[in-house]
Amino acid sequence: MGRMSGLAIDCHGHFTSEPPEFRAFRDAQTAFAEGRTLERPLYSGIDDDDLRPIIEQNQLRMQRERGSDLTILSPRASGMGHHVPGQDIATEWARLSNDTIWRICELFPRNFAAVCQLPQTVDGDLGPVIAELERCVDRGFVGCNLNPDPSGGRWSEPPIYDRWWDPLWDSMARLDVPAMIHVSGSCARPLHTTGAHYIAADTAVFMQLIEGDLFERHPDLRLIIPHGGGAAPFHWGRYRGLALTLGKPPLSEHLMQNLFFDTCVYHQAGIDTLFAVIDPKNLLFGSELLGAVRAVDPETGHHFDDTKRYIDALGLDDKTRHTVFEGNARRVYPRLDAQLVAQGR
């Protein structure tokens, strides 16, 4: 584990280049679930002959252009749609989405590793969620994305330190997989999905973790908060003070043995702050390829989400670079490490 092979592992990628038929099916499925049509749609999925060029022309092309080696890939986060009613619909959608991710990984085994979407529902049971996690890990998935707010901005679920979530944490520990905490689309008009709902949720969950004792009760659990940890690094003093006020241990003991942030921060000053505040042992290289912002920054001439460029500009020493680009991903995702070792990497 953690050999100095010099890989650049992007821990945060999504399949966001779906063909129109894939999204049309989901629209029809949602209409059926919400009672707007009586006809339940059928869809057999994307043919490999169609899937291969989609990946080659998008995610794979950008990997090569930006100098990364492997992307931990999951379904489109905003498309998980856990607010859509019906457990059977959620399960069907998760299985189709996850099976598509797995086929991409089978087509390009050296470029992608799979992370699954969970069939969560508003006020739903965790049984089907755990069943899908087990199915995916059995196939070779290395982790999952967990939505702390299936309601899409209304926060109807218990906070993640609540014992209601314990069966899922126990299953993740047993399967030795981490979870990236990632909400889906916003159902609240005042909350833009990627600009407000995502970052607000990252920050809310960080505060939930401070309030609770999750890692004390589940010492083997590993969670990743994406998008640079939301507002947490920028307000680190506030959260250190709140932990003190609440009678909690220092954040380094209370959270940061089990909690990690990715580097999905889209400007140099933000990355500078992230690395100034957070120990590199808690940072995983991530870019959201292809994700929230696909525009080119007119100030730099480069894509906003080309985050490797910002990290390269830090001038990190070799040990720290390896930690952020490869070592932490192998440590947090041990099933990924096993796959890489089996590939001779």
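The legends below describe close-up views of a predicted model.

**View 1. The open sheet and its edges.**
The sheet is open and built from 8 strands, ordered S1-S2-S3-S4-S5-S6-S7-S8. Pairing within the sheet is parallel. Strand S1 (9–15) and strand S8 (283–284) stand at the edges. Each has a single partner strand, so one side of each is left without a neighbour in the sheet.

**View 2. Strands S1, S2 and S3.**
Edge strand S1 runs parallel to strand S2 (residues 70–75), and 5 bridges join the two. Within this pairing, Asp10 stands opposite Thr71 in S2. On to strand S3: S2 and S3 run parallel and are joined by 3 bridges. Here Leu73 has Ala114 of S3 as its bridge partner. Is strand S3 (residues 112–117) buried or exposed? Of its 6 residues, 6 are buried, so S3 is largely enclosed by the rest of the structure.

**View 3. Strands S6, S7 and S8.**
S6 and S7 run parallel, joined by 3 bridges. Ile224 stands opposite Phe260 in S7. S7 also pairs with S8, in the parallel sense, over 2 bridges. In that pairing, Phe261 has Leu283 of S8 as its bridge partner. Side chains of S7 point both ways: Leu259 and Phe261 to one side, Phe260 and Asp262 to the other. All four of these residues are buried.

**View 4. Helix H7 over the sheet.**
Helix H7 (residues 193–211) lies across three strands: S5 (179–181), S6 (223–225) and S7 (259–262). The helix runs at about 135 degrees to S6. Gln208 is one of the residues of H7. At 10% relative accessibility, Gln208 is buried. Which residues does Gln208 contact, leaving aside its neighbours within four places in sequence? They are Trp155, Pro159, Ile160 and Tyr161.

**View 5. Packing of helix H2 on helix H4.**
Two packed helices are described by the angle between their axes and the distance between the axes. For helix H2 (residues 48–57) and helix H4 (residues 87–107), the angle is about 70 degrees and the axes lie 10 Å apart. H2 is therefore roughly perpendicular to H4, as angles of 65 to 115 degrees count as such. From H2, the contact draws on Asp48, Leu51, Arg52 and Ile55. From H4, it draws on Thr100, Arg103, Ile104 and Leu107. The residues of this contact divide into 4 nonpolar, 1 polar and 3 charged.

**View 6. An aromatic cluster around Phe22.**
The structure holds 13 aromatic pairs. One of them joins Phe22 and Tyr43, with ring centres 6.2 Å apart. The planes of these two rings stand at 75 degrees, so the pair is edge-to-face; the cut-off for that class is over 60 degrees. The pair links distant parts of the chain, 21 residues apart. Phe22 sits in helix H1 (residues 20–33), and Tyr43 in the loop between H1 and H2. Phe22 is buried, at 4% relative accessibility. Tyr43 is partly exposed, with a relative accessible area of 25%. Ring pairs link Phe15, Phe22, Phe25, Tyr43 and Trp93 into a cluster.

**View 7. Positive phi at Trp155 and His227.**
Most residues other than glycine have a negative phi, and most peptide bonds are trans. Trp155 has a positive phi, near 50 degrees. The residue is found in the loop between strand S4 (143–146) and helix H6 (166–175). Its relative accessible area is 31%, so Trp155 is partly exposed. Trp155 also appears in View 4, in contact with Gln208. His227 is not a glycine either, yet its phi is positive, at about 55 degrees. His227 lies in the loop between S6 and helix H9 (236–245). Is His227 buried or exposed? With a relative accessible area of 7%, His227 is buried.

**View 8. A cis peptide bond after strand S8.**
The bond from Leu289 to Leu290 is cis. Its omega is near -20 degrees. Leu290 belongs to the loop between S8 and helix H12 (307–312).

Notes
Residues are numbered from 1 along each chain as its sequence is written. This is a predicted model: local features need pLDDT of at least 70, side-chain atom pairs count only at pLDDT 80 or more; totals for chains, interfaces and linings use all residues. Side-chain values use heavy atoms; hydrogens and water are left out. Axes are lines fitted to C-alpha atoms, for helices over the stretch in contact, and angles run from 0 to 180 degrees between N-to-C directions. Helices (H or I, at least four residues) and strands (E, at least two) are DSSP runs, numbered from the N terminus. Angles under 35 degrees count as roughly parallel, over 145 as roughly antiparallel, 65 to 115 as roughly perpendicular and the rest as oblique. Contact means heavy atoms within 4.5 Å. Ala, Val, Leu, Ile, Met, Phe, Trp, Tyr, Cys and Pro count as nonpolar, Asp, Glu, Lys and Arg as charged, and the others, Gly among them, as polar. Two strands pair if DSSP finds at least two bridges between them. Rings of Phe, Tyr and Trp (its six-membered ring) pair if their centres lie within 6.5 Å; planes under 30 degrees apart count as stacked, over 60 as edge-to-face and the rest as tilted. Buried means under 20% relative accessible area, exposed over 50%, partly exposed in between (1.4 Å probe, protein chains only).
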